[in-house]
Amino acid sequence: MPPAPVAADDDIDDARAAADGDRRAFQRLYRRHVDRIHGALYRLAGYDHARAEDLTQEAFVRAWQKLPGFRHESAFGTWLYRLAINVALMELRARRADPVGFVDEEQLPEHGETPFCAAEREELERAIGKLPPRARAVLVLHDVEGWRHEEIGNELDMAVGTSKAQLHRARQFLRKVLGETP
Amino acid sequence: MNEFEWRQQMRSLRQPVAPRRDLWGAIDAALEARDDDAAAAPAARHASRQPWLLAAALAGAFLLAGSIGLRLHRDAGTVTGNAPALTNAPAPWNPSDPRLSGAAIELDAARLELQQAIQQSPHSPALQRLLARTERQQTQLRQLVHEAG
């Protein structure tokens with residue numbers, strides 16, 4: 001489920017101008033949306049700053065190229081968010097990242113305390129970062145971004161059942177890391 | 001932690017995160033580079049396609065003119081060898097000869113096309129070279145015809 005659009009009216013004008021080649025309008029769109037887009041990509045990239053920044057950059061370049069085809073049937077923010085997620089998932093698919101594998105028990109980080117202060121949140125983020133890329137994508141898209149399994153299955157080219165199974169195992173892993181009994 | 005608390009906790013991760021550095025400079029540079037590529041591509045395609053088309057047309061004309069010229073040259077040698085008394089005779093141009101007029105027309109058309117192309121792309125060395133070569137071929141053809149009598 002894409003997040004609510006930001007400054008939709010301004011976005012419409014700027015998106016139209018940017019589609020006509022106005023780089024300043026595109027820069028305004030970038031400024032308004034970069035943190036939200038980068039946040040989503042940062043989570044999908046397993047909290048890896050460098051990769052998230054590369055993906056963010058690629059997403060905005062791709063958006064510039066595709067803007068002339070944007071029909072304003074959805075909010076610009078929604079369109080951009082979806083495009084950015086696709087950029088991240090395309091990279092995931094291109095890397096043929098570990099489709100079914102899971103983290104070895106021995107690789108689990110030490111148990112933490114009961115969440116949820118800032119430190120524990122950081123611990124949770126670290127644990128998400130340790131998930132295999134596809135399992136992490138399923139968990140982030142479903143539990144954090146609010147996507148449905150059908151959407152995830154479509155985007156990641158996997159069956160709905162596989163998506164559910166990946167989510168279940170990812171949650172188990174995280175609960176274990178966080179010191180909970182599943 | 002129950003399911004509801006879990007979901008709440010996970011959703012709370014959904015926060016905007018600013019990149020550690022401003023990415024706009026890199027994005028702007030990438031857009032600039034792509035725009036330049038996009039602008040250069042059609043011009044490059046046009047420039048590269050035009051000489052190839054011209055070269056293909058000219059190659060045919062050169063081959064035709066060359067073969068005719070060679071034959072005329074041989075004929076001239078034969079005539080010269082057999083009848084030296086005729087070497088100083090005037091060499092009238094015979095426009096009715098279809099081989100000669102065909103080659104001359106091809107070369108003339110090629111020259112005109114090249115001149116038009118040069119008007120559009122005045123700084124193209126390839127076009128200049130092709131034009132010079134075509135004009136040389138025309139001169140050679142005239143000389144050969146003249147020699148063949």
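# Reading helices, burial and contacts in a predicted model

Author: In this predicted model, α6(A) is largely enclosed by the rest of the structure, because twelve of its twelve residues are buried.

Reader: How do you know that P133(A) and V144(A) are among the residues of α6(A) that are buried?

Author: A residue is called buried if 20 or more other C-beta atoms lie within 10 Å of its own. The residues of α6(A) that are buried are P133(A), R134(A), A135(A), R136(A), A137(A), V138(A), L139(A), V140(A), L141(A), H142(A), D143(A) and V144(A), so P133(A) and V144(A) belong to the group that meets this cut-off.

Reader: What covers the buried residues of α6(A)?

Author: The cover includes α2, α4, α5, α7 (149-156) and α8 of chain A, and α1 of chain B is part of it as well. Beyond the helix, α6(A) is followed by G146(A), whose phi is positive, near 85°.

Reader: At what angle do α6(A) and α7(A) pack, and which residues make the contact?

Author: The angle between α6(A) and α7(A) is about 145°, and their axes lie 10 Å apart. On the side of α6(A), the contact is made by R134(A), A137(A), V138(A), L141(A) and H142(A), while α7(A) brings H149(A), I152(A) and L156(A). Sorted by class, this contact has five nonpolar, two polar and one charged residues, and the crossing of α6(A) with α7(A) is right-handed.

Reader: Why is α3(A) called oblique to α4(A)?

Author: The two helices α3(A) and α4(A) pack at an angle of about 125°, with their axes 9 Å apart. An angle from 65 to 115 degrees would count as roughly perpendicular, and one over 145 as roughly antiparallel; the value for this pair falls in neither range, and therefore α3(A) is oblique to α4(A). The crossing of α3(A) and α4(A) is right-handed.

Reader: Which residues of α3(A) and α4(A) meet, and of what classes are they?

Author: From α3(A) come L55(A), E58(A), A59(A), R62(A), A63(A) and K66(A), and they meet L80(A), L83(A), A84(A), V87(A), A88(A) and E91(A) in α4(A). Eight residues of this contact are nonpolar, none is polar and four are charged. One of the residues of α4(A) named here, A88(A), is also in contact with L41(A), L44(A) and A45(A), as well as with L55(A), when neighbours within four places in sequence are left aside.

Reader: What makes the largest nonpolar core, and which element gives the most to it?

Author: The largest nonpolar core has 51 residues, and those with the most contacts inside it are I37(A), L41(A), A59(A), A84(A), A88(A), I128(A) and L174(A). Two or more residues come from each of α1 (8-19), α2, α3, α4, α5 (118-130), α6 (133-144) and α8 (160-177) of chain A, and α2(A) gives the most, with ten residues. A second, separate core of 13 residues includes L107(B), A110(B), L114(B) and L131(B).

Reader: Is Y47(A) buried or exposed, and how do you know?

Author: Y47(A) has 20 C-beta neighbours inside 10 Å, and since 20 or more is what the term requires, Y47(A) counts as buried. Its place is in the loop between α2 (23-44) and α3 (49-66) of chain A, and Y47(A) has a positive phi of about 60° although it is not a glycine.

Reader: What makes H72(A) count as buried or exposed?

Author: H72(A) has 12 C-beta neighbours inside 10 Å, and because 12 or fewer is the limit for exposed, H72(A) counts as exposed. H72(A) lies in the loop between α3 and α4 (76-94) of chain A, and H72(A) too has a positive phi of about 60° without being a glycine.

Reader: Why is A18(B) called partly exposed?

Author: With 13 other C-beta atoms within 10 Å, A18(B) falls between the limits of 12 and 20, and so A18(B) is partly exposed. A18(B) is found in the loop between α1 (3-11) and α2 (24-82) of chain B, and across the chains A18(B) touches D35(A) and H38(A).

Reader: How many residues of chain B are in contact with chain A?

Author: In chain B, 20 residues are in contact with 24 residues of chain A. On the side of chain B that touches chain A, α2(B) gives the most, with six residues, and by class that side has 13 nonpolar, two polar and five charged residues.

Methods: Residues numbered from 1 in each chain as written. Chains lettered and ligands numbered in written order. Predicted model: local features only at pLDDT ≥ 70, side-chain atom pairs only at ≥ 80, totals over all residues. Helix = DSSP H or I, 4+ residues; strand = E, 2+ residues; numbered from the N terminus. Axes fitted to C-alpha atoms, helices over the stretch in contact; angles between N-to-C directions. Parallel < 35°, antiparallel > 145°, perpendicular 65-115°, else oblique. Left-handed = near helix turned anticlockwise from the far one by under 90°. Contact = placed C-beta atoms within 7 Å. Nonpolar A, V, L, I, M, F, W, Y, C, P; charged D, E, K, R; others polar. Core = buried A, V, L, I, M, F, W, Y, C linked by C-beta atoms within 7 Å.
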